[in-house]
Structure formats: C-alpha cells, structure tokens
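Open your viewer, show the backbone as a cartoon, and keep the selection box handy. We'll go stop by stop.

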Amino acid sequence: MKRIFIGIIFAIAYLCQGFVLFAAGPAEIRPLSDTITSNGERVRADIPESIQGLEVFSDSFGGYIYYYKDRDGNRFATNDLASISERIVLADAGGSEQNEDVLERNEVEADSRLFEAEEDEDYYDPLEDEDAYETVSDPLEPLNRVFFYFNDKLYFWFLKPVASGYGAVVPKPARVSVKNFFKNLGFPIRFVNCLLQAKFESAGDEFSRFMVNTIIGLGGFFDPATSNFGLKRQEEDFGQTLGVYGFGPALYINWPILGPSSIRDTVGLAGDSFLDPMGYICSSSECNMAVTGYKTVNNTSLRIGDYEDLKDAALDPYLAVRDAYFQYRRNKVKK
Amino acid sequence: MKFSNSIYPEPLNLIGGHMRLKYTGIFIASVVLVLLTVFHAAAGEPTDRIRKTTDKLIEIVTNAEFAEPEKKKERDKAVRAAVDEIFDWEAFSQRALGRHWKKLEADDKIEFIKIFGELLEHTYMDKTSQYSGEKIEYLEEEIDGKYGVVKAMVITKDKKEVAVDYRIQNKSGEWFVYDLNVEGVSLVKNYRIQFNSIIMKSSFDELKKRLYAKVEENQKE
C-alpha cells in the first residue's frame, strides 16, 4: 500500500513540474524573439494598428500571453489575441454602455490570472520584491468558495461551540501543554524537511529541542527549549521543501475541513503524513481521526476569535484568506 | 522612471568640460557620505518615530484612566490621533485601490479614504482593549531613497514571536508608514485583491456601498 502512495505522490509531483514555469511568476517569463516591438514589426498580420506596444510571451501551457496598451496607456494582458482586436475596435467606436460591459468582462478574465501592472511612478518602491504583485491561480474558485462556506459553517456551528465548551472546562495551561505535546510529536516532519532544505543548523536546533522537551519537558508537555534555551521551533514542512526546490503552489485549493491549501502544499501534507508518529502509534484510522479531532479542538480553543477578527476586517473573507495564505506560504518558503 | 543617455546624473549634464570632473568629485564624495549614513542600519529616525508612536499607543491603552467603558470614546480618539501621526492614510488607500485610484474624482478619493479609514479603525484600533502585554522589538531599518522598511518583532506573553515589517515612505522630510507586513502578509495587498475583485465584477460605487454596509454592521456589534 505504501508503495502505491509513494508512487502517487511522485506522479503528482511530476505533474506539478508543468506548473513550475507558469506559477514561478513574471520573473520566469521571457519574450519570444519574433515579438512586435514598439517600432512596429509584426508577428501576425491580423493585429490592428491601433495596438501600441504589443508584447508576446509564452506560457508553459503552449499558449501565449499578450500584453498591450490601449489609447490611454493602460496596460492589459490576455490569452486571446482575437479579443484584443475586438476591444480596440469597440473603443474606437466610441465606447457605449454595451461596449463597456464587454470590456469589463474581458478584463475580469484577464486579470484573474495575471499580475497587475502598476505604471504609476509613485509606486516605484525599490525595496519591494518583483514578485510582490504575483497572484495565485484560482481556476477552482466556485468550488473553493463552496468549501469555504462549508468550513465557515462548520466552524460556527460545530467547532467553535465544542472548543468553547472544552475551553471552559479545561484550564488554559493544560491546553497549552497538550498543544506542546502534539507540537513535539511533529519533530520528525520538521527535522527531515530541514535536512531536505539543507538547513543543517535548523535541523540541529530541532533535534536539540526534541531532546530537551521530551526529557526535561516531561514527554513534550512543556517547552523549556524555547523559554530556557532560546531554541525556536523551525516550522518546516514538505510543502515548503517543494517550494524551495522550485515548485510553485500551482493552484489554490480550499479543502473542506482541512482549509486553505494548494496543489504543492497538499502533496506536502501527503508526504508529511509518513513522518507523523501518530500514523504508526495508531493502528486504525478511527484512532487517527479521533486524535486529530482532539488536537484540532484543543488548538481551536486557544485561538477562538482569530477567524472572527479576520471576517470583521475583510470585505470578502474568501479572498482575504486566499491571499493571506498565499503570501504567508511564499514568505515561509523564502525564509 | 527617467532613463538618461548620459552616464552623468541629470544636473551634471548641464556643466561642460573640465568643470564636470570637479563636480563629479564633489558629487561622488557626497554620495559616499550619504551611503555611509544609509548603511548605518541601526535605529535611525524612522525607527524612533515608530517607536515613539507605539509607546504612546501602549501608554494610552494601559492607562487606567481610560479603562472605564464611558471613557472608550476618548480613548479611541486618542488612539486615532496617535496613529494619524505616523500612518499615511492616503498612501494606504491609494495602494489599496491600485490602478483604480487614478480614475477617481477628488471627492470620491476623499470619501474612500474616510470610509476605508473607519473600517480599519474598527477592526484594528478598536481591538486595543485586547492588548495584554505584548512587547515590540525593533530589529533593523533599511532605507533606499524615498522608501524604507523598519523590521520589528512582536513578542506575545506566551513568548510567541511575530515578525512585523513597517513599510515607510518619506513625504516632505517626514517618514510615514504606508503598509504593514505581518509574517510576510501585506495588508495593502490583501485589501487590494479584495477591492480589485469587487470593482472588476461590479463597480467602484458598489465597493463604496459594501464598505459603508460593513462599517455599519461592525458598529452594531
């Protein structure tokens, strides 16, 4: 059985490679040698003259992305060359209400995949990364939104009441100790992924932490490694390892129950599951689910209010979570 | 950005011949001097400004006088006044709208800054009552011309460390914060994605309506 799982993981990872070039962001895109330049050379005869500065890049799906400017100097991007001619023709015709709709609709499709080009001089910020404007691809958005709504209800109708009740009964120090215990069991995952990322000092820290917390911390219930020895937990997982190896997140997936993830991070979770001690201690899947359930309730009891705050702050919580997740993971891979 | 054909910076183009050499020398010397100050990454003026404001905020929040519920309005006003000193609401709103900002009329812009500010006020500043002894450690400061970043670490009571970066911009001599990066998640970008989606699917007026509705909903709680 294990061999089949490993085989599936490698197959998915291999497929992910196809997403690497695309998801790696603007830095990876290179212009083709026969593009239209601003001095007017043509690649194809059917591109109208009213388009200024058309740039053609290839995406790794075998298609092309066309960047062009309209009369006002606004920059747009699209996969569909035909739509450019249509748009410019419409703009030339004087832009009635109907045309605006067509333009807006096309813009929505174009924007959802590609980064926003901000031409304003005021925005030039030398300290900002080039990939700061990268957005994650989300073709499964309708499905993801359904799962997001499901998770939202699951939290308010089930998880929050249970965790609040549990939190009212069990004092906080005890719950923190339980959390420490489970975190300590995550040692193999963090240790192996540190090694895979060649972060040897971090791997050493993790090893010391495990020894100190298990022995002095009485089986991991306490965390003297952080408080007394100043050794911080090195949060590494297989998803980050794949990111360090060059895999982009590829697509956003919002799993029901599990929450926000991506193709890469889901492969990461599957890979990490082999290093989870609970998988070996627990003989049946009911046992595994029960333990995971308890761990979730315990962790949630310590964090009630966080999700509500996020919903309060956002106009569109789904997008807020998606973007925060993507930025957070990108930052962790970089570190 | 302007790209000049000459290898000399703009002003020196106007000077001819041997004078250019002399002024180049002075220019290089002054550049070196500026670089020396810039690379001095320890606490500089921006860090001090931010530190003063956060200290002031902590003082307001922990002040026993303001603790009573009747005094909440005064405390909120004091908090807002302190934040106004260091936070550039206009730059934040401008970046949150991205390329849609240019298309707005002046009164639309003012209205947007106001309502967006109220949303942020409620969701972040009203939560000051939840302050429980967090400490802020200022790590380093990087400046490149008009822009910079002050890297800090918030240490909670449970010894948890959260990395917070303040992105700063120099406007007429004073440094202002225009973005916050919490563990790599930029506040401006998070809002920009949401606003862009709403504006693209409907319109700016719809965004304004939703902002007003959200602020009203929050105030009811």
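Select chain B and follow its backbone along the sequence: the pattern is α-α-α-α-α-α-β-β-β-β-β-α-α. That comes to 8 helices and 5 strands, where helices (H or I, at least four residues) and strands (E, at least two) are DSSP runs numbered from the N terminus. Before clicking further, know that this is a predicted model: local features need pLDDT of at least 70, side-chain atom pairs count only at pLDDT 80 or more, and totals for chains, interfaces and linings use all residues. Residues are numbered from 1 along each chain as its sequence is written, while chains are lettered from A and ligands numbered from 1 in the order in which they are written.

Now colour by pLDDT, the predictor's confidence in each residue, from 0 to 100. Chain B averages 81, and 80% of its residues score at least 70. Select residues 37-41 of chain B, where the pLDDT is below 50; beyond near neighbours in sequence, this stretch has 4 contacts in the model. (Two residues are in contact if their C-beta atoms, placed from the backbone, lie within 7 Å.) For the model as a whole, the scores are ipTM 0.74 and pTM 0.69.

Next, the sheet in chain B. In what order do the 5 strands run? They form an open sheet, E1-E2-E3-E4-E5, with antiparallel pairing; two strands pair if DSSP finds at least two bridges between them. Highlight 135-144 (strand E1) and 185-186 (strand E5) of chain B to see the edges, each pairing on one side only. Then select 147-155 and 161-171 of chain B, strands E2 and E3, which pair antiparallel over 9 bridges. For one of the bridge partnerships, click Val154(B) and look across to Val162(B) in E3(B).

Stay in chain B and show side chains for the largest nonpolar core, which has 29 residues. A nonpolar core is a set of buried Ala, Val, Leu, Ile, Met, Phe, Trp, Tyr and Cys residues joined through C-beta atoms within 7 Å. Buried means 20 or more other C-beta atoms within 10 Å of the residue's own, exposed means 12 or fewer, and partly exposed is in between, with C-beta atoms placed from the backbone. Among the members touching the most others are Ile86(B), Tyr166(B), Phe176(B) and Val177(B). Centre on Val177(B): leaving out residues up to four places away in sequence, its contacts include Ile50(B), Phe87(B), Asp88(B) and Arg167(B). Apart from this core lies another, of 11 residues, including Phe148(A), Leu319(A), Val321(A) and Phe326(A).

That brings you to chain A, with 14 helices and 5 strands. Of its 335 residues, 26% are buried; for chain B, it's 23% of 221.

Select 141-169 of chain A, helix H4, and find Leu159(A) there. Why does Leu159(A) count as buried? Because it has 20 C-beta neighbours inside 10 Å. Beyond four places in sequence, Leu159(A) touches Leu154(A) and Thr300(A). Draw a distance from its C-alpha to that of Thr296(A): 8.6 Å, though they are 137 residues apart along the chain.

Last stop: residues 252-255 of chain A, strand E4, with Tyr252(A) and Asn254(A) on the covered face and Ile253(A) and Trp255(A) on the uncovered one. Add 259-262, strand E5, which pairs antiparallel with E4(A) over 4 bridges. Tyr252(A) has Ser262(A) as its bridge partner in E5(A). The two strands form a hairpin with 3 residues between them, and Ile257(A) in the turn has a positive phi of about 70°.
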